[in-house]
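Here are my notes on this model. Please read them with the structure open.

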Amino acid sequence: MRVHEQFAEDLALYALGSLDGAERRALEEHLDECVSCRRELELLRGDLSLLALTTAGPKPPARARQRLLSAVAHEPRRPVAAHASERRQRSWWSSVGWPALRWTAAVALVVVGIGLLRQNSTLQQDLASLRALFIDQGSRLEQANQIVATLLDPDATKIELVAVGNKPQPRGKAIYQRRNRNLIFFASNLPPLPAEKIYELWLFPANGGAPIAAGLFKPDARGSATVVNPPLPEGVEAKNFAVTLEPESGSHESPRGTPVIVGVGE
Ligand SMILES: [Zn+2]
């Protein structure tokens, strides 16, 4: 049976979780009856957890590192022959040969490993939050695209509902956002276009200026039409919208044709 000093290196490896097989069992048996080695193990474990906690921090864990290094320095050197037979089952670093080197390599591995784990977990967190943001933005965009696609799909069924007994009347709805110069216009129940004519949408500025041409359009067979984001001057507050029937080339300066539908305003 080995004496207590001979377990010094095993204790360190045990604390690092790198001791297995018969050596692990022998040490565990020894630990059961040796208070001194149990205390040493607790100290080593404390040092290791302190190292783990402070690896990524600004201050090097000087005290813990010191004790680990002195544990390495003071561990008993066993005869090489004894080593060769004892350590045959050891993991890859047994090729390093010298216990102190193995020890240092083990500590270095743990320290580097912990640092990488921490770095990795920070990166993982960043990645996860970026991914969540991306998915959120993506699903909003997807939703918006679906709404627009449905609204603008010429194949989508568009049915105007009116009061029972009434005949469907031509009507339109303009949704205008001055800030971004966005304009979406829907019309329904428009009469079929006469030859060489076209419908034209007009924006009436709130400042009383001349109407601004806001797009030429032809309705489909059911009299439905859409105008999306026609080119418009910047920052115009809209008071009203109207649709006129114009010569096929459209009118640019002001409406020449007859009004078909006009906004009811406020
Ligand atoms: Zn002991």
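1. Val-228 counts as partly exposed, because its relative accessibility is 39%. The cut-offs matter here: buried means under 20% relative accessible area, and exposed means over 50%. Val-228 sits in strand 5. Keep in mind that this is a predicted model.

2. Val-228 also belongs to a nonpolar surface patch of about 530 Å². Its partners there are Ile-147, Val-148, Leu-151, Leu-152, Ile-175 and Ile-184. Which element gives the patch its largest share? Helix 6 does, with 4 residues.

3. The largest pocket has a volume of about 500 Å³. Its lining counts 20 residues. Nearest the centre lie Ala-174, Asn-240, Phe-241, Gly-263 and Val-264. Three elements give two or more residues to this lining: strand 1 (171–177), strand 6 (238–247) and strand 7 (258–262). Strand 6 has the largest share, with 6 residues.

4. What is the class make-up of that lining? In the largest pocket, 11 lining residues are nonpolar, 4 are polar and 5 are charged.

5. The second largest pocket has a volume of about 430 Å³. It is lined by 17 residues. Closest to its centre are Lys-158, Glu-160, Phe-186, Ala-187 and Ser-188.

6. Which elements supply at least two residues each to the lining of the second largest pocket? They are helix 6 (99–152), strand 1, strand 2 (182–188) and strand 5 (225–228). Strand 1 provides the largest share here, 4 residues. Strand 1 also gives two or more residues to the lining of the largest pocket. Helix 6, for its part, returns from the nonpolar patch, where its share is the largest.

7. By class, the lining of the second largest pocket splits into 6 nonpolar, 6 polar and 5 charged residues. For the largest pocket, the nonpolar count is 11 and the charged count is 5.

8. Now to the N-terminal part. Is helix 1 largely enclosed or largely open? Helix 1 (residues 8–15) is largely enclosed by the rest of the structure, because 7 of its 8 residues are buried. The buried ones are Glu-9, Asp-10, Leu-11, Ala-12, Leu-13, Tyr-14 and Ala-15. Note that Glu-9 and Asp-10 are on that buried list, and both count as charged.

9. One backbone detail follows helix 1. Gly-17 comes after the helix, and its phi is positive, near 75°.

Key:
Residues numbered from 1 in each chain as written. Predicted model: local features only at pLDDT ≥ 70, side-chain atom pairs only at ≥ 80, totals over all residues. Heavy atoms only, no water. 1 Å grid on protein atoms, 1.4 Å probe; cavity = no way out; pocket = protein on both sides within 12 Å on 5 of 7 lines; lining within 4 Å. Points joined across faces, edges and corners; volume = space filled by probe spheres on them. Patch = residues over 30% accessible without salt bridge, like charges linked within 9 Å, V, L, I, M, F, W, Y side chains within 5 Å. Areas by Shrake-Rupley, 256 points an atom, 1.4 Å probe, with all protein chains shown as cover. Salt bridge = Lys/Arg side-chain N within 4 Å of Asp/Glu carboxyl O. Buried < 20%, exposed > 50% of the residue type's maximum accessible area, 1.4 Å probe, protein only.
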